[in-house]
Amino acid sequence: LVPPLPPPLAASSKGKPEADLRVLGARALGAASSGRTAAMRGVAALAAAVATLQWTALSVALILFNKWLMGYGGFPYPLTLCALHMLTSFSIALVFCLLGYIETNLTLKQFVKFIVPMGLLFAAAICTGNEAVLYLSIPFIQMVKAWTPTVVLLLSTLAGLESLSCRLVSIVLITSSGVALAIYGELQFNMFGFCMILTSVVLEALRLVLVELLFSSNEVRLSGLSGVFYMSPVCFLAVVPVAYVFEGTKALDAVAAGQVQPHLLALNACCAFMLNVSSLVLVKATSALTLKVVGVFKDWIVIVISSIVFSSVVGKMQWVGYSVAFVGILMYTQHKYAQYLEKQDGDGKDTIPLLSSESDHSEPDEEEGKPFSGELSHNMVASAAHVSTGGTDDSSRPGRAPGAAD
């Protein structure tokens, strides 16, 4: 009535029954461990999918919300809106700080050296990007923002962060040609708006290169929320005087006159902060590279939906141009991915940064500790997404596998 033991076990049972028990225990533990690993991977994949959908939905919604608010909602004051976003982000981050969720370990010297320059550039990039929304269509803005990786590569080469190669030249030429076609095909072209968005692209690219230069020393390690906590007040103080000079009290007058409801402004500002947090969650659940790749496809969603919602005319030449630029962006993403793999090989690691492992969450790595870089830069580059048109174009920092914003 007793069933025979499996062949390997029966062969060994003649002399050492204790060994048999150890073999059975090892097999049982191995099976249980494999089951737990598969379950954990399933949960991680589900969390990554939810985080991706959440970030995409928030980013697209905020882009459309900003356009509607400034173009149709009775609040055509981009500078004041930017200041409101920064004030709200700092206020919420301050609450997290008081609750003990944010480390405040920067010295005054580090704050002045690292945060202030980036805050000034970031504020200028956001303000010029917001200003462009008043004069240009969202699809056209997203197409011009596709040039951001090209500008980053050019500035990185001048700064010695990138070595000139045939591949980089081809990326620059392909992306620039596509953007040029999109610009040429724009039917509602406005020179002032174009200058504003072009200035925003250059300032954002300059900020990303500055991030690489300043943080190469690993002197500062900040989480995404810490970055919001430190960067927001700098941006707010930089924008407020400019907003007062160019917009005065018109924004307050518009609210007092009932042109825009205060709760809509509050909702818009809270959405901006939620997008910052969402980008952090996405990077934690996956990687900066995933945020970059998702951002590229998100831009297509923005262009299609905004052209429908706001009846924006997109010519055939613009579709062709952006498609060409899209190929250049994919080449750029692959280029940063190859750099990431080379760095991982040099560190003796063997991981693919599309879905982080459980160990990735135990301790922030060197890159995640740097504020507003890569697509943690989307914590504030997504802020460019958040307060401006929301493209993540990129918004990827030179020297690592990406990840906005906007």
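**Exercise 1. Count the disulfides in this predicted model, and check Cys82 by its distance to the nearest cysteine sulfur.**

*Solution.* Start with the outcome: the count comes to zero disulfides. To see how one residue fares, take Cys82, whose nearest cysteine sulfur belongs to Cys127 and lies 4.0 Å away. A disulfide needs two cysteine sulfur atoms within 2.5 Å, so Cys82 is in no disulfide. Bear in mind throughout that the model is predicted.

Next, look at how covered the cysteines are. Buried means under 20% relative accessible area. Cys82 has 0% relative accessibility, so Cys82 counts as buried. Cys97 has a relative accessible area of 18% and is therefore buried too.

**Exercise 2. Describe the overall make-up of the protein: how many helices and strands does it have, and what share of its residues is buried?**

*Solution.* Begin with the secondary structure: there are 14 helices and zero strands. Reading along the sequence gives α-α-α-α-α-α-α-α-α-α-α-α-α-α. Then turn to the cover: of the 406 residues in the protein, 50% are buried. Finally, take the surface. The accessible surface is about 18100 Å², and carbon and sulfur atoms account for 70% of it.

**Exercise 3. Find out how many residues of helix α5 are buried, and list them.**

*Solution.* Helix α5 runs over residues 138–145. Going through it, the buried residues are Ile138, Pro139, Phe140, Ile141, Gln142, Met143, Val144 and Lys145. That gives eight of eight, and the helix is mostly covered.

**Exercise 4. Locate Ala57, decide whether it is buried or partly exposed, and give its C-alpha separation from Leu275.**

*Solution.* First, the location: Ala57 sits in helix α2, which spans residues 17–71. Second, the exposure: the relative accessible area of Ala57 is 46%, so Ala57 is partly exposed. Third, the separation: Ala57 and Leu275 are 218 residues apart along the chain, and their C-alpha atoms are separated by 9.4 Å.

**Exercise 5. Count the salt bridges and describe the residues that form them.**

*Solution.* The structure holds two salt bridges. We can take them one at a time.

- The side chains of Glu204 and Arg207 form a salt bridge with an N to O distance of 2.8 Å. Both residues belong to helix α8 (residues 191–214), where they are three residues apart, about one turn of the helix. Glu204 and Arg207 are each buried.
- Asp299 and Lys298 are joined through their side chains in a salt bridge of 3.7 Å, N to O. Here, too, both Asp299 and Lys298 are buried.

A salt bridge requires the nitrogen to be within 4 Å of the carboxyl oxygen, so the 3.7 Å between Asp299 and Lys298 qualifies.

**Exercise 6. Count the aromatic pairs, then classify Phe189–Phe194 and Trp300–Trp319 by the angle between their planes.**

*Solution.* The count for the structure is 16 aromatic pairs. In the pair of Phe189 and Phe194, the centres are 5.3 Å apart and the planes make an angle of 45°, which is tilted. Phe189 has a relative accessible area of 35%, so Phe189 is partly exposed. Phe194, at 14% relative accessibility, therefore counts as buried.

Now for Trp300 and Trp319. Their centres are 6.0 Å apart with 5° between the planes, and the pair is stacked. This pair links distant parts of the chain: Trp300 is in helix α12 and Trp319 in helix α13 (residues 316–346), 19 residues apart. With 21% for Trp300 and 29% for Trp319, each tryptophan is partly exposed. Widening the view, Trp300 and Trp319 belong to one aromatic cluster with Phe297, Tyr322 and Phe326.

**Exercise 7. Which residues make the nonpolar surface patch of about 410 Å², and where is Val309 found?**

*Solution.* The patch is made by Ile301, Val304, Ile305, Ile308 and Val309. Val309 is found in helix α12, residues 288–309. Its relative accessibility is 51%, and the cut-off for exposed is over 50%, so Val309 counts as exposed.

**Exercise 8. Place Ser311 in the chain and comment on its phi angle.**

*Solution.* Ser311 lies in the loop between α12 and α13. Its phi is positive, about 55°, although Ser311 is not a glycine. As for cover, Ser311 has a relative accessible area of 56% and is therefore exposed.

Definitions and conventions:
Residues numbered from 1 in each chain as written. Predicted model: local features only at pLDDT ≥ 70, side-chain atom pairs only at ≥ 80, totals over all residues. Heavy atoms only, no water. Buried < 20%, exposed > 50% of the residue type's maximum accessible area, 1.4 Å probe, protein only. Helix = DSSP H or I, 4+ residues; strand = E, 2+ residues; numbered from the N terminus. Patch = residues over 30% accessible without salt bridge, like charges linked within 9 Å, V, L, I, M, F, W, Y side chains within 5 Å. Areas by Shrake-Rupley, 256 points an atom, 1.4 Å probe, with all protein chains shown as cover. Phe/Tyr/Trp six-rings, centres within 6.5 Å; stacked < 30°, edge-to-face > 60°.
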